[in-house]
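User: Please pick a single part of this chain for a close look and set it in the context of the rest. Begin with the cut-off you use for burial.

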Amino acid sequence: MKFSFKKNEEQDNLGAAVCSLDSDYTIPGLSELYFPEEPDQHHSRDIVDILSEMGKISEEQAERIRTDSARIGPATSSTAEAVILRMGIVSSEDILRAKAGLYDCEFKHITTQGVQKEAFEKLSVDFVRNNKVLPVAIEGQILVVATSEPGNLFVIEEVKKQTQMEVRLVVCRPEDIDAVCDSLTKTDVDYNVDDIISDMTEVEVVQEHEDEFQDLEKMAGQSPVIKFVNYLISNATRDGASDIHIEPKPKYSRIRYRIDGVLFETMQPPLQMHPAIVSRIKIMSNLDISERRLPQDGKISAVVGGRNVDLRVSVLPTNNGEKVVIRILENSSIMRGLDQLGMEEGAMEKFKEQVNLPHGIFLVTGPTGSGKSTTLYCALSQMDGNSLNISTVEDPVEYKLDFCNQVQISEKIGLTFAMALRS
């Protein structure tokens, strides 16, 4: 573009100069100057736009999300997603669907049946779990990869580098990836329970008082007992049980799993097996096997199916012997959105309102296994731990959370709920 110069006759006395595009006189040196175009007043398309188009949020909510995101930091999809989750106005699945739309990908529910073993083996299980990228199929020279973070370009490039293949993305839930990994990497030994019980019934309990405790410890270390206890724990975890109840009865030992709050009987091994089973569990949880008159509590950390599982053990003396209850604690069970708790829509709206209030108190009550801890931990996970000071007082601390400060009550040293709350 060439610029020319002329005097404005109406402002000749002021010597004013204006630029004209229709004169033939070119000002030397100005012909090569760069003049930037008018800046685009519209922001690039993001997850908020997609959710608006999906009808999941209103214009007012979209404006609030953008405002709150700007306070946190640079306007990115991750900051907007954090704000949306904290507000609790959109389900986690809808956010994933919006991500799929933003990156022009398909959203799918991934199951083990839909994953090709050849594709799954293209990446290590640890890499898949840590980065939430799951190879699901091979289509010619293209590797189909399911992910919950389609915007993580560094991970996608690493997948290409490790597999030496082009990649096509689909978006899925992170829990789908974990479930497939659990299913395809089962390392549990396929024990024959009947054979284990048969082997254990051949072990006799010495009745002499002075040798009884040593004998129980010896029995607890014998292979059939170890196999049986490992089977109980791994089978309960695989079935989604929250508790294992091992109860002595007059003629047998009753074993029950608590699933969805209801106890289901699974087997009735002979009563003579009961002392060895209890002793094995006590050894695993560092309890005193010689103490059978007082209640005891312990904890076991184990790896089941490639997952880290914490087991809380409670031993209670009864008239037939010691009853053992094992509570199974998995972090994956609490890493979910409020929309996955199963509340009715009206109750969920009221619950979210309470969670978002700056002060106050609400009670979550219910019987064992009804979901009290899961509900409260899910509510905590909706809060922004970076901008808020979140503290909990618990007895016991069931799950370790990185985004808040957790206080374990200890009555023995005087650290009570009242004292912790005052502090």
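Analyst: A residue counts as buried when its relative accessible area is under 20%, as exposed when the value is over 50%, and as partly exposed in between. Cys-172, with a relative accessible area of 0%, is therefore buried. Cys-404, at 10% relative accessibility, is under the cut-off as well and so counts as buried. The count of disulfides in the chain is 0. The model is a predicted one, and every value below is computed from it.

The part chosen for the close look is helix α12, but the chain as a whole comes first. The chain has 423 residues, of which 38% count as buried. Its secondary structure is made up of 15 helices and 14 strands. Among contacts with a separation of 6 or more, 50% join residues 24 or more positions apart. The accessible surface comes to about 25400 Å², and carbon and sulfur atoms make up 49% of that area.

Helix α12 covers residues 274-284. Of its 11 residues, 8 are buried, so the helix is largely enclosed by the rest of the structure. The buried set consists of His-274, Ala-276, Ile-277, Val-278, Ser-279, Arg-280, Ile-281 and Lys-282.

Which residues touch Lys-282, apart from those within four places in sequence? The contacts of Lys-282 are Leu-287, Asp-288, Ile-289, Glu-291, Arg-292, Gln-296, Val-315 and Glu-322. Lys-282 belongs to α12, and its relative accessibility of 1% is under the 20% limit, so this lysine counts as buried.

Ile-277, another of the buried residues of α12, can be placed against helix α11. That helix runs over residues 223-238 and includes Ile-226. The C-alpha atoms of Ile-226 and Ile-277 are 8.3 Å apart, while 51 residues separate the two in sequence. Ile-226 has 24% relative accessibility, which lies between the two cut-offs, so it counts as partly exposed.

Beyond its end, α12 is followed by Asn-286, whose phi is positive, near 60°. Most residues other than glycine have a negative phi. Two further residues with positive phi deserve a place beside Asn-286. Asp-104 comes just after helix α4, with a phi of about 55°, and sits in the loop between α4 and β3 (106-107). Gln-164 has a positive phi of about 55° too, although it is not a glycine; its loop connects α7 (153-163) with β6 (166-171). Are these two loop residues, Asp-104 and Gln-164, buried or exposed? Asp-104 is exposed at 72% relative accessibility, and Gln-164 is exposed with a relative accessible area of 66%.

Helix α4 itself (residues 92-102) also contains buried residues, namely Asp-94, Ile-95, Leu-96, Ala-98, Lys-99 and Ala-100. Leu-96 is one of the residues touched by Arg-173, together with Glu-93, Phe-107, His-109 and Gln-340, when residues up to four places away in sequence are not counted. Arg-173 lies in the loop between β6 and α8 (174-184). Its relative accessible area of 22% makes it partly exposed. From Arg-173 to Ser-92 the C-alpha distance is 8.6 Å, and the two are 81 residues apart in sequence.

The last item is open space in the model. Rolling a probe the size of a water molecule over the atoms shows where empty space is left. The second largest pocket has a volume of about 1500 Å³. Its lining comprises 35 residues, and those nearest the centre are Phe-362, Leu-376, Leu-380, Met-383 and Ser-391. By class, 20 of the lining residues are nonpolar, 8 are polar and 7 are charged. Which helix gives the most to this lining? Helix α14 does, with 6 residues. At least two residues of the lining come from each of α3 (77-87), α13 (345-356), α14 (372-381), β13 (391-394) and α15 (417-422).

To return to the part chosen: α12 is largely enclosed by the rest of the structure, with Lys-282 buried at 1% relative accessibility and with Asn-286, of positive phi, following the helix.

Definitions and conventions: Residues numbered from 1 in each chain as written. Predicted model: local features only at pLDDT ≥ 70, side-chain atom pairs only at ≥ 80, totals over all residues. Heavy atoms only, no water. Helix = DSSP H or I, 4+ residues; strand = E, 2+ residues; numbered from the N terminus. Buried < 20%, exposed > 50% of the residue type's maximum accessible area, 1.4 Å probe, protein only. Contact = heavy atoms within 4.5 Å. Areas by Shrake-Rupley, 256 points an atom, 1.4 Å probe, with all protein chains shown as cover. Disulfide = S-S within 2.5 Å. 1 Å grid on protein atoms, 1.4 Å probe; cavity = no way out; pocket = protein on both sides within 12 Å on 5 of 7 lines; lining within 4 Å. Points joined across faces, edges and corners; volume = space filled by probe spheres on them. Nonpolar A, V, L, I, M, F, W, Y, C, P; charged D, E, K, R; others polar.
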